[in-house]
Amino acid sequence: MNRMRRGYLLVLALTLVSSSVYAQGLTVEQAVALALQRNRDVMAAKLDIEVSQLDVVAARIYPNPTFEYSIGNLVLGKANATTNAISTQPGFAGQTVQSISISEVIDVWAKRSARTRAASRGVDHQRLLTEDVLRDIVHTVRSAFADVVREQSERDLAHEVADRYAQTLRLSQARYKVGDISEAELRKIELEGLRYQNDVVEADMELDLARQKFSALLGFNSPSDLGMGLLVQPDTRPTYDLKGLIAQALERRPDLRAARAARGQGEAALGAAQREAYPDISLGAGYTHSDFTVSGDNPNTLALSLSMPLPLFDRNQANIGRARLDIRRAENDVERLRLQIGHEVIEAVRKAQRSQTLLEVFEGAPAENRERSSGMVAKAETALHVAEKSYQAGALSLLELLEAQRTYLDSKAQYLRVLYDFRQAAVDVTYAAGE
């Protein structure tokens, strides 16, 4: 069992707990463990291994022996007399010759072991294909997890902005009552508040759709089966060793290992096809009982037989040629995947590094110093806080307040998109590296 599968089983053993625990927050590894346990595509992929194991069972089975019974010398019309007496005449079954024989193919060319070897290589190949399917499913789950986390963050931002604007609206209504602002200005403020309320409704809907897609991947009927807790995304900023990741991917990627296993399977299939070209030798034994001894037959005889087809025309040329083509195809797949894997790792790492650079612009400091950040988000939030205070004091116009709110909203929304891009890029790096 490879390291990837052992890791998945370990996560599964440690995280299989009741749904009430997930109501307090679900981590990405818990989500992966649930998917590996409940996802129907995972179950279907594992059934393919059982199908390939049945091929091994079929290859190990010996051919059935052939049983034959025959009865002959049945009299039609006048039979030969069994004595010199004219009155003695045998009936329809009075002079029968009956034979019983059994024959079996003898595997002198070790065809059975060659077939078994090819089928066993097929099981190894299918296991790696299944592992690659699991890798794809895990990547899909992690991507869906990141998508739900993004929708959660955008929903929280929409509610935050709507709540802050509700305070501004209440203050504006109070100022209108005392005559500090006009009715037209108040109506503008109320219309702007409706826009933020629409953003809240849309954000809630998008989160619900993302949770539905995510719960389906985990094998649940509805998002309510996950509980109402938020997903917990670890806020880590890994660094990437490009050469090390490429070497790791070339060693661990199950699709590349499956292509190599396919070559081994093709070589085993070629050996089996070449052996199938040899003629099968059948040995048989038969017993004959004759009631027509008057003709000189012995009443009971034993016969031995040896038979084999002559390989003059059919020497299994088609299957041998097909096996050789499978080997060439597998060799081409290995080289193609080697090139493709390197490009995938490079592209994923570059996206992650570019997103991390943009994050530093928005955050203004590395993760360990983020509380003292002076990035764009912090500056926009400070400007909004100052604008709100100034508007409450009557020292700022409505347009300036709305501009500060929009600047904060745009900056925070862009930051969340960049953060999502980074998290998705990190998922893609993990996927490209073979995990």
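At 30% relative accessibility, A110 counts as partly exposed, and this residue makes a handy starting point for a walk around the model. The structure is predicted, and it has 435 residues in the protein, 39% of them buried. Its secondary structure comprises 11 helices and six strands. Let's take it topic by topic.

**A110 and N73: unusual backbone angles**

- Most residues other than glycine have a negative phi.
- A110 goes the other way: its phi is positive, near 55°, although A110 is a residue other than glycine.
- To find A110, look in the loop between β3 and α5.
- N73 is another residue with a positive phi, about 60°, and N73 is not a glycine either.
- N73 sits in the loop between β2 (66-72) and β3 (97-106).
- With a relative accessible area of 36%, N73 is partly exposed.

**The pair of strands β2 and β3, seen from S70**

- S70 is part of strand β2.
- Is S70 buried or partly exposed? Its relative accessibility is 32%, so S70 counts as partly exposed.
- Which residues does S70 touch, once neighbours within four places in sequence are left aside? They are V97, Q98 and S99.
- S70 and Q98 are 28 residues apart along the chain, yet their C-alpha atoms are separated by 5.7 Å.

**Two helices side by side: α4 and α5**

- Two packed helices are described by the angle between their axes and the distance between the axes.
- For helix α4 (residues 40-60) and helix α5 (residues 111-177), the axes come within 8 Å and cross at roughly 175°.
- That angle is why α4 is described as roughly antiparallel to α5.
- Sorted by class, the contact of α4 with α5 has 10 nonpolar, seven polar and eight charged residues.
- For a single residue to follow here, try S52, which is in helix α4.
- S52 has 8% relative accessibility, and buried means under 20%, so S52 counts as buried.
- Setting aside neighbours within four places in sequence, S52 is in contact with G122, V123 and Q126.

**Two more helices: α6 and α9**

- Helix α6 covers residues 183-217, which is 35 residues.
- From its first C-alpha to its last, α6 reaches 52 Å, close to the 51 Å expected at 1.5 Å a residue.
- After α6 comes G219, a residue with a positive phi near 85°.
- Helix α9 runs through residues 317-363 and has 47 residues.
- How far does α9 reach from its first C-alpha to its last? The span is 68 Å, close to the 69 Å expected at 1.5 Å a residue.
- G364 follows α9, and its phi is positive too, near 80°.

**The protein as a whole**

- Among contacts in the protein with a separation of 6 or more, 79% are accounted for by residues 24 or more positions apart.
- The accessible surface of the protein comes to about 24,600 Å².
- Carbon and sulfur atoms hold 55% of that accessible surface.

How values were computed. Residues numbered from 1 in each chain as written. Predicted model: local features only at pLDDT ≥ 70, side-chain atom pairs only at ≥ 80, totals over all residues. Heavy atoms only, no water. Helix = DSSP H or I, 4+ residues; strand = E, 2+ residues; numbered from the N terminus. Expected span 1.5 Å × (residues − 1). Axes fitted to C-alpha atoms, helices over the stretch in contact; angles between N-to-C directions. Parallel < 35°, antiparallel > 145°, perpendicular 65-115°, else oblique. Nonpolar A, V, L, I, M, F, W, Y, C, P; charged D, E, K, R; others polar. Buried < 20%, exposed > 50% of the residue type's maximum accessible area, 1.4 Å probe, protein only. Contact = heavy atoms within 4.5 Å. Areas by Shrake-Rupley, 256 points an atom, 1.4 Å probe, with all protein chains shown as cover.
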